[in-house]
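This report goes from one helix to the whole chain. Please look at the sequence and the model before reading on.

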Amino acid sequence: MEISTQDRQHLQRLEEGLWRTETRFDRAWMERVLAPGFFEFGRSGRAYSREETLAIPARPIDARFPLTNFDTRLLGPDVVQATYTSIETYDGEEQVANRSSIWLRTGDGWRLLFHQATPIPD
């Protein structure tokens with residue numbers, strides 16, 4: 001069984017929304033996207049809870065689109081892993097990381113349950 005093209009495209013738009021300033025720092029949008037119990041291992045190695053993620057202060061995001069090497073794989077009937085490489089410029093420095101997200105299809109749509117970033121050394 002494979003993920004549909006429509007679901008794959010929708011998940012890519014959701015992932016890209018996490019990298020766009022206007023959606024990433026829109027609390028209502030983020031509350032719809034992040035599942036209860038969401039947590040993340042950030043690029044720094046630090047763990048973030050859902051509330052910590054929602055409380056991150058707004059800042060400009062300079063990310064490259066479309067997301068590089070975006071791919072999905074079905075883990076279960078309503079569970080998908082999305083993977084990609086993020087390329088972001090922060091304080092004049094390009095930061096590159098491998099990213100992995102676990103998405104859960106609910107009655108309210110796709111919800112992000114887990115995210116992990118692993119920096120790619122220069």
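## Buried side of helix α1

The model shown here is predicted. In helix α1, the buried residues are D7, L11, Q12, L14, E15, E16 and G17. Buried here stands for under 20% relative accessible area.

What do these residues pack against? The buried residues of α1 pack against two helices, α2 (21–24) and α3 (27–33). They also pack against the strands β4 (68–76), β5 (79–90), β6 (93–106) and β7 (109–119).

## Length of helix α1

Helix α1 covers residues 5–17, which is 13 residues. At 1.5 Å a residue its expected span is 18 Å, and the C-alpha atoms at its ends lie 18 Å apart, so the two values agree. An α-helix has 3.6 residues a turn, so residues three or four places apart point the same way.

## Order of the elements

Four helices and seven strands make up the elements of the chain. Read from the N terminus, their order is α-α-α-β-β-α-β-β-β-β-β. The radius of gyration is 14 Å, close to the 14 Å given by the globule rule for 122 residues, so the chain is as compact as a globular protein of that length.

## The chain as a whole

Along the principal axes, the C-alpha atoms fill a box of roughly 40 × 30 × 25 Å. Of the 122 residues, 42% are buried. Among contacts between residues at least 6 apart in sequence, 50% join residues at least 24 apart.

The accessible surface of the chain is about 7100 Å², and 50% of it belongs to carbon and sulfur atoms. The chain has 15 positive and 19 negative charges, and the mean positions of the two sets are 2 Å apart.

How values were computed: Residues numbered from 1 in each chain as written. Predicted model: local features only at pLDDT ≥ 70, side-chain atom pairs only at ≥ 80, totals over all residues. Heavy atoms only, no water. Expected span 1.5 Å × (residues − 1). Buried < 20%, exposed > 50% of the residue type's maximum accessible area, 1.4 Å probe, protein only. Contact = heavy atoms within 4.5 Å. Rg over C-alpha atoms; globule rule 2.2 N^0.38 Å. Areas by Shrake-Rupley, 256 points an atom, 1.4 Å probe, with all protein chains shown as cover. Lys, Arg positive; Asp, Glu negative; His and termini not counted. Charge placed at Lys NZ, Arg CZ, Asp CG, Glu CD.
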